[in-house]
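Trainee: I would like a close look at one part of this model, namely a single pairing within its sheet. Please then set that part in the context of the residues around it.

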Amino acid sequence: LHSESFSPMMFSCIEVLNLSCSSLIAIPPQIDALSELVELILFSNEIDCVPKTLSSLQNLRLLDLRDNLLETLDYVVFPRNLKCLHLSDNMLQVSALSFISIRAHCPNITHLELEPQREI
């Protein structure tokens, strides 16, 4: 695929994107072009932050960021319609406040994993 022929609109109909174990260091801010995305699976990468553009993915229901390098999160980056959020095995400081903040911002959430990173 030549770069001049690439357009994010070519992929706007994608509903499930699995980039697990892809050595990603960041979520591209252009992710918002995937307007029909329902599931974004980014398990086991090297992602250390979540871009604000993620909040524009109003169809996103599942976000899997397990086993990355996240240390802090601004919960407003998550789409409000999110139902399933996996954040386990990151470097996040987990507290009751974390759960309350996510629940307040994403009222439809039914599944939330916030387990801290396991010791090796």
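Which residue in strand 4 does D64 stand opposite?

Mentor: The residue opposite D64 is H86, in strand 4. Before going further, please note that this is a predicted model, in which local features need pLDDT of at least 70 and side-chain atom pairs count only at pLDDT 80 or more, while totals for chains, interfaces and linings use all residues. Residues are numbered from 1 along each chain as its sequence is written, and side-chain values use heavy atoms, with hydrogens and water left out.

The two strands concerned are strand 3, residues 62–64, and strand 4, residues 84–86. They run parallel and are joined by three bridges (strands pair if DSSP finds at least two bridges between them). In general, strands of a sheet pair through backbone hydrogen bonds, either parallel or antiparallel.

This pairing belongs to an open sheet of five strands, ordered 1-2-3-4-5 and paired in parallel. Its edges are strand 1 (16–18) and strand 5 (111–113), each of which pairs on one side only. The protein chain holds one helix and five strands (DSSP runs numbered from the N terminus: H or I of at least four residues for helices, E of at least two for strands). Read from the N terminus, these elements follow the sequence β-β-β-β-α-β.

Beyond strand 4, the chain enters the loop that leads to helix 1 (96–105), and S88 is placed in this loop. S88 counts as buried because its relative accessibility is 3% (buried is under 20% relative accessible area, exposed over 50%, partly exposed in between, with a 1.4 Å probe and protein chains only). Apart from neighbours within four places in sequence, S88 is in contact with L65, R66 and D67, and also with E113, L114 and E115 (contact means heavy atoms within 4.5 Å). One of these partners, E113, lies in the range of edge strand 5.

D89 occupies the loop between strand 4 and helix 1 as well. The phi of D89 is positive, near 60 degrees, in a residue other than glycine. D89 has a relative accessible area of 12% and is therefore buried.

On the other side of strand 3, the loop that connects it to strand 2 (39–41) contains N59. N59 is partly exposed, at 30% relative accessibility. Beyond its neighbours within four places in sequence, the contacts of N59 are S35, E36, L37 and V38. Its C-alpha atom is separated by 9.5 Å from that of R80, although the two positions lie 21 residues apart along the chain. S44 is in the loop between strand 2 and strand 3 too. Like D89, it is a residue other than glycine with a positive phi, in this case about 60 degrees. With a relative accessible area of 23%, S44 is partly exposed.

S12, in the segment before strand 1, touches A33, L34, S35 and E36, not counting residues up to four places away in sequence. S35 and E36 thus appear among the contacts of both S12 and N59. S12 counts as buried, at 16% relative accessibility.

The stretch between strand 3 and strand 4 supplies the one aromatic pair of the structure. In general, a pair of aromatic rings is described by the distance of the centres and the angle of the planes. The rings of Y75 and F78 have centres 6.2 Å apart and planes at 35 degrees, so the pair is tilted (Phe, Tyr and Trp rings, the last by its six-membered ring, pair with centres within 6.5 Å; planes under 30 degrees apart are stacked, over 60 edge-to-face, the rest tilted). Both rings belong to buried residues: Y75 has 17% relative accessibility, and F78 has a relative accessible area of 1%.

By contrast, C13 is exposed, at 58% relative accessible area, and C21 is exposed at 57% relative accessibility. The structure holds zero disulfides (cysteine sulfur atoms within 2.5 Å).

For the chain as a whole, 36% of the 120 residues count as buried. Among contacts with a separation of 6 or more, 33% come from residues 24 or more positions apart. The average pLDDT is 87, and 87% of the residues score at least 70 (pLDDT is the predictor's confidence in each residue, from 0 to 100). Residues 1–6 stay under 50, and the model gives them four contacts beyond four places in sequence.
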